[in-house]
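Please work through the following exercises with the sequence and the predicted model at hand. Each task is followed by a solution in steps.

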Amino acid sequence: MGPGRRALPLLGRLALLLLLLLPPPPPAAAAFSPSLDSDFTFTLPAGRRECFYQPMRREASLELEYQVLDGAGLDVDFHLLSPKGETLVFDQRKSDGVHTVETEDGDYMFCFDNTFSTISEKVIFFELILDNMGEEGGQDREDWKKYVTGTDLLDMKLEDILESINSVKARLSKSVQIQTLLRAFEARDRNIQESNFDRVNFWSVVNLGVMVVVSAVQVYMLKSLFEDKRKSRT
């Protein structure tokens, strides 16, 4: 067996030994920039106000987007309050909105208000995007650096792999967010089209009824014009 054929198994054994000697890497989830996405759709009855609470950390980011999918006027009042009770955002009778705030420790409250409507209920969709919610994300990313030593034989760097994975994760999260918003837009447009369809059908029936009544009246009047109302004497 030649020396060239022995070199390949030897390099494989050295690489295996190197991997065994290195301490195990931290969990993959801890290496990512913590980001949480959630969405919710609910029905807000007429004359009601619904509030939700979201606990946040200091130096995190809260992004909230809402849309009124169905209901007369497609509008709602929106309030966003800080943990101290201060009003951060107030939208009056809006159909949609996007707001981003830098947060502090505490519970943030956001409310949807339909008290101005006495008849129509509203179907509301909202999405929350929470960034930098991890407790030790920065420290865990720094811990990856000590595992880079000794990987030059593999001709790669864990930092590059981590950066690529974070980039892919961010793009996938953005794609999911855009698809969710497109579904919300589609639902709202469908509700508007169905409402317009019912409205067109209703007024078409009304117009048809008016035309039938007018036609009957015209026939009766024309007929009455040609009637001989003189009484014959015997």
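The exercises below concern a disulfide, salt bridges and a charged surface patch.

**Exercise 1.** Identify the cysteines that form a disulfide, and state where they lie and how covered they are.

Solution.
- Step 1. One disulfide is found when the whole structure of this predicted model is searched.
- Step 2. Its partners are Cys51 and Cys111, with sulfur atoms 2.0 Å apart; this satisfies the cut-off of 2.5 Å.
- Step 3. Cys51 belongs to strand 2 (residues 49-56) and Cys111 to strand 7, so that distant parts of the chain, 60 residues apart, are linked.
- Step 4. The angle about the S-S bond is 110°, and the link of Cys51 and Cys111 is right-handed.
- Step 5. Buried means under 20% relative accessible area. Cys111, at 0%, is therefore buried, whereas Cys51, at 29%, is partly exposed.

**Exercise 2.** Determine which side chain meets Arg49 in a salt bridge, and place both partners in the chain.

Solution.
- Step 1. Four salt bridges are found in the whole structure.
- Step 2. In one of them Arg49 meets Asp113, at 3.6 Å from N to O.
- Step 3. Asp113 lies in strand 7 and Arg49 in strand 2; the pair links distant parts of the chain, 64 residues apart.
- Step 4. Asp113 is buried because its relative accessible area is 9%; Arg49, at 39%, is partly exposed.

**Exercise 3.** Establish which residues are joined with Asp75 into one network of salt bridges.

Solution.
- Step 1. Side chains of opposite charge can pair when their charged atoms come close.
- Step 2. Asp75 and Arg93 form a salt bridge of 3.2 Å, N to O. Asp75 is in the loop between strand 3 (61-70) and strand 4 (76-81) and Arg93 is in strand 5 (residues 87-94), so this pair ties together parts 18 residues apart in sequence.
- Step 3. Asp75 also meets Lys122 in a salt bridge, at 3.0 Å from N to O. Lys122 is in strand 8, 47 residues apart from Asp75.
- Step 4. Asp75 and Lys122 are both buried, while Arg93 is partly exposed, with a relative accessible area of 47%.
- Step 5. Through shared partners, Asp75, Arg93 and Lys122 form one network.

**Exercise 4.** State which residues make up the patch of negative charge on the surface, and locate Glu121.

Solution.
- Step 1. The patch gathers Asp70, Glu121, Glu194 and Asp198.
- Step 2. Glu121 is situated in the loop between strand 7 (106-113) and strand 8 (122-131).
- Step 3. Patch residues need over 30% relative accessible area; Glu121 has 46% and therefore counts as partly exposed.

Note on methods
Residues numbered from 1 in each chain as written. Predicted model: local features only at pLDDT ≥ 70, side-chain atom pairs only at ≥ 80, totals over all residues. Heavy atoms only, no water. Patch = residues over 30% accessible without salt bridge, like charges linked within 9 Å, V, L, I, M, F, W, Y side chains within 5 Å. Areas by Shrake-Rupley, 256 points an atom, 1.4 Å probe, with all protein chains shown as cover. Lys, Arg positive; Asp, Glu negative; His and termini not counted. Charge placed at Lys NZ, Arg CZ, Asp CG, Glu CD. Helix = DSSP H or I, 4+ residues; strand = E, 2+ residues; numbered from the N terminus. Buried < 20%, exposed > 50% of the residue type's maximum accessible area, 1.4 Å probe, protein only.
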